[in-house]
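Q: I've got a structure open and I'd like to learn how to read it. Can you walk me through the ligand site and the sheet?

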Amino acid sequence: MSAIILSTIGQIIELANAEVIFYPRLFPQPESHQLFAELWERIEWKQEPIKIFGKSVLQPRLTAYYGTQAYTYSGVTMQPLPWNEPLLQIKQIIEPLVHTQFNGVLMNLYRNGQDYMGWHSDDENELVKGSTIASLSFGESRRFILRRRDNHQIKVELNLGDGDFLVMGGDTQKFWQHHVPKMAKSDRPRINLTFRVIEH
Ligand SMILES: O=C(O)CCC(=O)C(=O)O
Ligand SMILES: [Mn+2]
C-alpha cells in the first residue's frame, strides 16, 4: 500500500474517570476497504469457546489473536499467531499516535448483525495496568456503548464505522464497561481490532 494520508484529529469524549479519544475515519477509503479485504482473507478467523460460569460456550462472533504474548481472556488462554503484513502496517501507523508499543491484538469478526459482544471491561490481569487499548474498525458500522460500572444507567453511545479509531486509556476500564449490541437489520460484516499491551 502506498503512503496513506491520515486524518489524525481526535475528538475527546468527555467521560468522568476515563480517557477516551475518537478519531473518525482515521483510515480513509480506499485504504480501509483494502485493509478489510486483507484482514478478511489473511486472518485465521475461528469461532472459539469461552467459559461462562464454568460452562464452555461458543462466542457469538469469530475471533483471532496475533502478537508475541499469550493472553487469557474469558477463561481461555490464547497463543498468539505471529504478526503478519497488514497487522504490522496498521501497528506502525497507530503506535506513534497513541505513544504506545503494542504486543498483541485481539480481533473480532462480526459476520452480521446477529454477532455481538456482551458487557465487559478490558481488565484482564495480564494487561499492563493503565495501558492504552486502541480499537480500529472496518466494514459495517456498529453501535459501541459505554456504561459506568457503578451506575449502569449512565451510558454513552458511539457509532464505530469504517476506518474509525477509538483510544481508551487511563482509568477507562476501571470505571466503565462497553459492549457491541446485536443489530437486527444488518447483514454486512464488521472487523474490529483491539491492540493491547500484555505483561511479559
Ligand atoms: O468490537 C468492538 O468495537 C469492541 C471489541 C471489544 O470490546 C474487545 O475486543 O474487547
Ligand atoms: Mn473490550
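We'll go from the ligand shell to the sheet and then to the helices.

A: Before we start, keep in mind that this is a predicted model.

Q: Fine. Which residues surround ligand 1?

A: Start by listing the neighbours. Here the shell includes Leu-106, Asn-108, Met-117, Asp-122, Ser-135 and Ser-137. Phe-144, Leu-160, His-178, Val-180, Asn-192 and Thr-194 surround ligand 1 as well.

Q: How do the residues of that shell divide into nonpolar, polar and charged?

A: Sort the list by side-chain class: five are nonpolar, six polar and one charged.

Q: Which strands each supply at least two residues of the shell?

A: Map the list onto the secondary structure. You get strand 8 (104–110) and strand 10 (133–139), plus strand 14 (176–180) and strand 15 (190–196).

Q: What is the strand order in the open sheet of seven strands?

A: Read across from one edge to the other: 1-2-13-10-15-8-5, with antiparallel pairing. Strand 1 (11–13) and strand 5 (62–67) are the edges, each pairing on one side only. On average, neighbouring strands of this sheet are turned by 20 degrees against each other, direction ignored.

Q: How many bridges link strand 5 and strand 8?

A: Six, in the antiparallel sense. Look for Tyr-65, which stands opposite Leu-106 in strand 8. Leu-106 is also one of the residues around ligand 1.

Q: And which strands do helix 1 and helix 2 lie across?

A: Take them one at a time. Helix 1 (residues 31–42) lies across strand 10 and strand 15, at about 95 degrees to strand 10. Helix 2 (residues 85–98) lies across strand 5, strand 8, strand 10, strand 13 (165–169) and strand 15, and runs at about 130 degrees to strand 10.

Methods:
Residues numbered from 1 in each chain as written. Chains lettered and ligands numbered in written order. Predicted model: local features only at pLDDT ≥ 70, side-chain atom pairs only at ≥ 80, totals over all residues. Near = placed C-beta within 6 Å. Helix = DSSP H or I, 4+ residues; strand = E, 2+ residues; numbered from the N terminus. Nonpolar A, V, L, I, M, F, W, Y, C, P; charged D, E, K, R; others polar. Pairing = 2+ DSSP bridges. Axes fitted to C-alpha atoms, helices over the stretch in contact; angles between N-to-C directions. Contact = placed C-beta atoms within 7 Å.
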